[in-house]
Amino acid sequence: MRLLSRLAICAVALAGLLSAAENKLMHCFAFTAIEGATEADWKAFYKATDDLPSKVPSVSKVWYGKLRNPLSQFSPDAETRKKFTKDVTKAEGNFMRVQRQYAVCMEMANEAALKTYAADPNKKAWDEAYAKVRVPGTTTYDILPMK
């Protein structure tokens, strides 16, 4: 009987944790690595990223790594971009392809936490380490909980 009670308590606790996790926001971005980034630059980036949850209160967890398959992003040149309108979704022209090889995801409580994160002064050290391993520009997306 005690074993069943303990199992029931564990099941309820696990369900509560899973439910809480489902209500979080995931802030994710893929980036292109700088070819000349040194091993020391990468180690500083890993450390700064690992330190985010302890230094920036709005970040509860962080994941990062190399993408299994690079993410290609296509950007039209200025003339081609003019061809796209609200009603026109296809156009011929010149496009540039950028490949994103790495990504970072940060778990946050909600959208308000994302705003707090962006303004947090402790994020500066991370920004400096990140700038040494990535080409400027990212493919960023935020995943909201399903309601």
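Are Lys43 and Glu39 buried or exposed? Both Lys43 and Glu39 are exposed, where exposed stands for over 50% relative accessible area, buried for under 20%, and partly exposed for anything in between (1.4 Å probe, protein chains only). The legends below start with the whole chain and then move in on single sites.

The model is predicted, so local features need pLDDT of at least 70 and side-chain atom pairs count only at pLDDT 80 or more, while totals for chains, interfaces and linings use all residues. Residues are numbered from 1 along each chain as its sequence is written, and side-chain values use heavy atoms, with hydrogens and water left out.

**Figure 1. The protein chain has five helices and four strands.** Helices (H or I, at least four residues) and strands (E, at least two) are DSSP runs, numbered from the N terminus. Followed along the sequence, their order is α-β-α-β-α-β-α-α-β. Of the 147 residues, 28% count as buried. The chain exposes an accessible surface of about 10400 Å², and carbon and sulfur atoms hold 59% of that surface; these areas come from the Shrake-Rupley method with a 1.4 Å probe, and for residues only the protein chains shown count as cover. A contact means heavy atoms within 4.5 Å. Take the contacts between residues at least 6 apart in sequence: 80% of them join residues at least 24 apart.

**Figure 2. Helix H2 packs its buried residues against three strands and a helix.** H2 covers residues 39-55, which makes 17 residues. From first C-alpha to last, H2 reaches 23 Å, close to the 24 Å expected at 1.5 Å a residue; the expected span is 1.5 Å times one less than the number of residues. Look for Trp42, Phe45, Ala48, Thr49, Asp51 and Leu52, the buried residues of H2. Their packing partners are strand S1 (25-33), strand S2 (59-76), strand S3 and helix H5 (123-131).

**Figure 3. Salt bridges run along helix H2, including Lys43 with Glu39 and Asp51 with Lys47.** A salt bridge here is a side-chain nitrogen of Lys or Arg within 4 Å of a carboxyl oxygen of Asp or Glu, and by this rule the count comes to six. The closest N and O atoms of Lys43 and Glu39 are 3.3 Å apart. Because Lys43 and Glu39 are four residues apart in H2, about one helical turn separates them. For Asp51 and Lys47, the closest N and O atoms are 2.8 Å apart, and these two residues are also four apart in H2, about one turn of the helix. Asp51 counts as buried at 19% relative accessibility, whereas Lys47 counts as exposed at 51%. Salt bridges that share partners join Lys47, Asp51 and Lys55 into one network.

**Figure 4. A disulfide joins Cys28 to Cys105.** A disulfide is a covalent bond between the sulfur atoms of two cysteines; the cut-off used is a pair of cysteine sulfur atoms within 2.5 Å. The structure holds one such link, with an S to S distance of 2.3 Å. The link of Cys28 and Cys105 is right-handed, with 115° about the S-S bond. Cys28 lies in strand S1 and Cys105 in strand S3, so the pair ties together parts that are 77 residues apart in sequence. Cys28 is buried at 1% relative accessibility, and Cys105 is buried at 18%.

**Figure 5. Glu107 of strand S3 forms a salt bridge with Lys24.** Their side chains meet at 3.8 Å, N to O. Since Glu107 lies in S3 and Lys24 in the loop between helix H1 (2-22) and S1, the pair ties together parts that are 83 residues apart in sequence. Glu107 is buried, with a relative accessible area of 9%, and Lys24 is partly exposed at 26%. Not counting residues up to four places away in sequence, Glu107 touches Lys24, Leu25, Met26, Ser58, Val59, Ser60, Lys61 and Trp63.

**Figure 6. Phe74, Phe84 and Phe95 make a nonpolar surface patch of about 300 Å².** Patches are made of residues with over 30% relative accessible area and no salt bridge; like charges are joined within 9 Å, and nonpolar side chains (Val, Leu, Ile, Met, Phe, Trp, Tyr) within 5 Å. Phe95 is in strand S3, which covers residues 95-108, and is partly exposed at 40% relative accessible area. Leaving out residues up to four places away in sequence, Phe95 touches Phe74, Ser75, Pro76, Thr80 and Phe84. The C-alpha atoms of Phe95 and Ser75 are separated by 5.3 Å, although the two residues are 20 apart along the chain.
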